Amino acid sequence: MTAIKQMRALAIRVPQSCMTRTLPTMRSMATRVSMITKHQNGTSTRLGYFLALSTPIILSMALYNRQQGSVQMDSDQTQTFKGPDPTLTPQAKETELLHADGCNLAGEEPIDISKIPKEEAILTTAPNVPPQITRDYPVVLQVPLTTNTKMKQLTSQYKYEQWNFNGTVPGPFIRARVGDVVELSLTNNDETGNPHNIDCHAFLGPGGGSALTTTEEGQTKSARFRLMFPGLFMYHCAAAPVPVHIANGMYGLMYVQAADGDLPPVDHEYYVMQSEFYHEPPDVGDDGRPSSQVEFSYPNALREEPNVVVFNGHEAALTRDKPLKARVGETVRIFFGNAGPNLTSSFHVIGSNFRKLYRDGDVVSAPGQYVQTTNVPPGSATIVDMKMWVPGTYTLVDHAIFRLDKGAVGYLNVTGKPRPDIYYSTESPAPCVGCKLHP
Ligand SMILES: [Cu+2]
């Protein structure tokens, strides 16, 4: 068949829309080929035209087939979907139904708070999350927080004096609902004399509440904040010098459920927060041995060169002490925060993916789907949903992967029956010796 005949035969099978899209490209390519070949013989000229004109047509046909959901199984078997793969259909409509009002405001009119019932918040320590709120009315939600310091085993090598809320790093997980009025009381039990306060990213007003809640040693202060919008938010101490209070451990997460319906239920909800620690080298004692304790390093923090990067406050928080758990077939949600203070996290779970990703803690917009890794900057948070299909150990990491050797690793242990239809080999697993990623 001549080049012209081949081109005509192909063109007959190409939809008009594809032709329209590709014609300008075809013309420009043909012109270029014409210029190149005008001094050559007739055969190479025809070959040039054929290559220039047929390549975009073939590419257009492949693109068109893909858009139509046509899947070539093998040479004599074609399976055709009508429309795109339904499992990959965007969920925007579903989300619209969940949160009909995009802003989901509690209401713009002032309210009489004395008429709202009071309730004490359930506060949990990482990796636990308080149960879903099922009430359909707002409350004055009482949140009692305290501040203190505590010497903790930060890494296998060193102890470090952390500054904390309610005795833990990260601080407690606070769950509330849009329309609730958070009645925050902050008691400063820190005997070092440092003032502390709360800046919560879910609060509307100057400083996110910090100026209203600054407490000196031995003091308690209270303030009220009405929650006007849903999402996952970081809270932290913002007493001066702010970077030092955050670097030493004063942060946590608050999740504000939408008033008209929470996220779809899952089997397990977990609370994980990434952060860095900056410390000086250990002092060396009279016996020549280095101390097992290290102290905060302002120069390292200023240079943004952490010594330690961890999930939930110390190196072993999600490995030896408390790996996350699930069973095959179950769904897992992680409320993931990044306290920084400096590094952006490239959060990833080795062996899985984020079936739903509520980027930046945004539960109003349609979630991302089947996402491998997500960026979480300092001062932000994200919500990821996974489904566990295959038993084994899954590893939480910051995919800026050298941080693994600074402590950023956690495990999610999944038990249950193997699924050889999904994951199979005749070989038995052979984890590498000393590997933190694949225990
Ligand atoms: Cu503080």
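Two strands pair if DSSP finds at least two bridges between them. In this predicted model, strand 7 and strand 12 (residues 251–257) meet that condition with 4 bridges, in the parallel sense. Arginine 177 stands opposite glutamine 257 of strand 12. Strand 7 also pairs with strand 4 (residues 123–124), here in the antiparallel sense and over 2 bridges. In strand 4, leucine 123 stands opposite isoleucine 174 of strand 7.

Strand 7 itself spans residues 173–177 and is mostly covered, 5 of its 5 residues being buried. In a regular strand the side chains alternate between the two faces of the sheet. Phe173, Arg175 and Arg177 lie on one side of strand 7, Ile174 and Ala176 on the other, and both faces are covered.

The unreviewed UniProt entry carries a "binding site" annotation that covers His196, His201, His236, Cys237, His245, Met250 and His399. Two of these positions, His196 and His236, are set out below.

| Residue | Location | C-beta neighbours within 10 Å |
|---|---|---|
| His196 | loop between strand 8 (181–188) and strand 9 (199–200) | 28 C-beta atoms, buried |
| His236 | strand 11 (residues 231–236) | 28 C-beta atoms, buried |

Histidine 196 counts as buried because it has 28 C-beta neighbours inside 10 Å, and the cut-off is 20 or more. Beyond four places in sequence, the contacts of histidine 196 include Cys237, His245 and Met250, residues that the annotation also covers. Thr147, Leu186 and Asn188 are among its other contacts.

Histidine 236, with its 28 other C-beta atoms within 10 Å, is likewise buried. Outside the same sequence window of four places, histidine 236 touches Asp199, Ile246, Met250, Tyr251 and Ala339.

Methods:
Residues numbered from 1 in each chain as written. Predicted model: local features only at pLDDT ≥ 70, side-chain atom pairs only at ≥ 80, totals over all residues. Buried ≥ 20, exposed ≤ 12 C-beta atoms within 10 Å, placed from the backbone. UniProt positions renumbered as here; feature names shortened; annotations may be inferred. Contact = placed C-beta atoms within 7 Å.
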